[in-house]
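Here's a quick Q and A to go through with the model open beside you. Take the turns one by one and check each answer on screen.

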Amino acid sequence: MTEDEIPAFSMEDAQKVAYKPIPEEEWEHQKVVFYCHDCEKIVQGKKLGKSLKFACAECNGNNVSYGTEKSIKNHFRIQEETPEEENTEKKEEESK
């Protein structure tokens, strides 16, 4: 191919194709959750003073991380339980 045959794209055109703007209404809504490293589960957090430090509401430990539900589950490798797993756990508890 010669230079005349190669189509020319500006960077602006390339960015428009690569990065499609998504309207704010269509953004994925994520809630903020707290992960206690001592309990090793997602818990309710309670704020400590005026700083951005949080404590676990269950064990009162200060070793708490926070972030979006998606990021916390991904980082700490928390797997969501399927309804079948929940039902089998409930049946096992009831049989005891």
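Q: Which helix holds Lys73?
A: We're working from a predicted model here. Look along residues 69-75 and you'll find Lys73. That stretch is helix α2.

Q: Is Lys73 buried or exposed?
A: The relative accessible area of Lys73 comes out at 18%. Buried means under 20%. So Lys73, at 18%, counts as buried.

Q: Which residues does Lys73 touch, leaving out those up to four places away in sequence?
A: Skip the residues up to four places away in sequence and look at what remains in contact with Lys73. The list for Lys73 is Ile42, Ile78 and Glu80.

Q: Which side chain meets Lys73 in a salt bridge?
A: The N to O distance for this pair is 3.3 Å. The partner sits four residues apart from Lys73 in helix α2, so the two are separated by about one helical turn. It is partly exposed, with a relative accessible area of 24%. That partner is Glu69.

Q: How many salt bridges are there by this rule?
A: Lys73 and Glu69 make one of them. Glu58 and Lys41 also meet through their side chains, at 3.0 Å, N to O. The count comes to two.

Q: How many residues apart in sequence are the parts that Glu58 and Lys41 tie together?
A: Glu58 and Lys41 form a salt bridge. Glu58 lies in the loop between β4 and β5, while Lys41 belongs to strand β2 (residues 41-43). The pair therefore ties together parts whose separation in sequence is 17 residues.

Q: Which strands each supply at least two residues of the largest nonpolar core?
A: This core has six residues: Phe34, Cys36, Val43, Phe54, Cys56 and Val64. Set them against the strand ranges 32-36 and 53-56. The strands are β1 and β4.

Q: Which residue stands opposite Cys56?
A: Strand β3 (residues 45-48) pairs with β4 in the antiparallel sense, over four bridges. Cys56 is on the β4 side, and its contacts include Cys36, Val43 and Val64. Standing opposite Cys56 is Gly45.

Q: Which residue in the turn of the β3 and β4 hairpin has a positive phi?
A: The hairpin has four residues between its strands. One in the turn has a phi of about 65°. That's Gly49.

Q: Which residues make the nonpolar surface patch of about 320 Å²?
A: Tyr66 is one of them, in strand β5 (residues 64-68). Tyr66 is partly exposed, at 41% relative accessible area. The full set is Val32, Leu52 and Tyr66.

Notes
Residues numbered from 1 in each chain as written. Predicted model: local features only at pLDDT ≥ 70, side-chain atom pairs only at ≥ 80, totals over all residues. Heavy atoms only, no water. Core = buried A, V, L, I, M, F, W, Y, C linked by side-chain atoms within 4.5 Å. Buried < 20%, exposed > 50% of the residue type's maximum accessible area, 1.4 Å probe, protein only. Contact = heavy atoms within 4.5 Å. Patch = residues over 30% accessible without salt bridge, like charges linked within 9 Å, V, L, I, M, F, W, Y side chains within 5 Å. Areas by Shrake-Rupley, 256 points an atom, 1.4 Å probe, with all protein chains shown as cover. Salt bridge = Lys/Arg side-chain N within 4 Å of Asp/Glu carboxyl O. Pairing = 2+ DSSP bridges.
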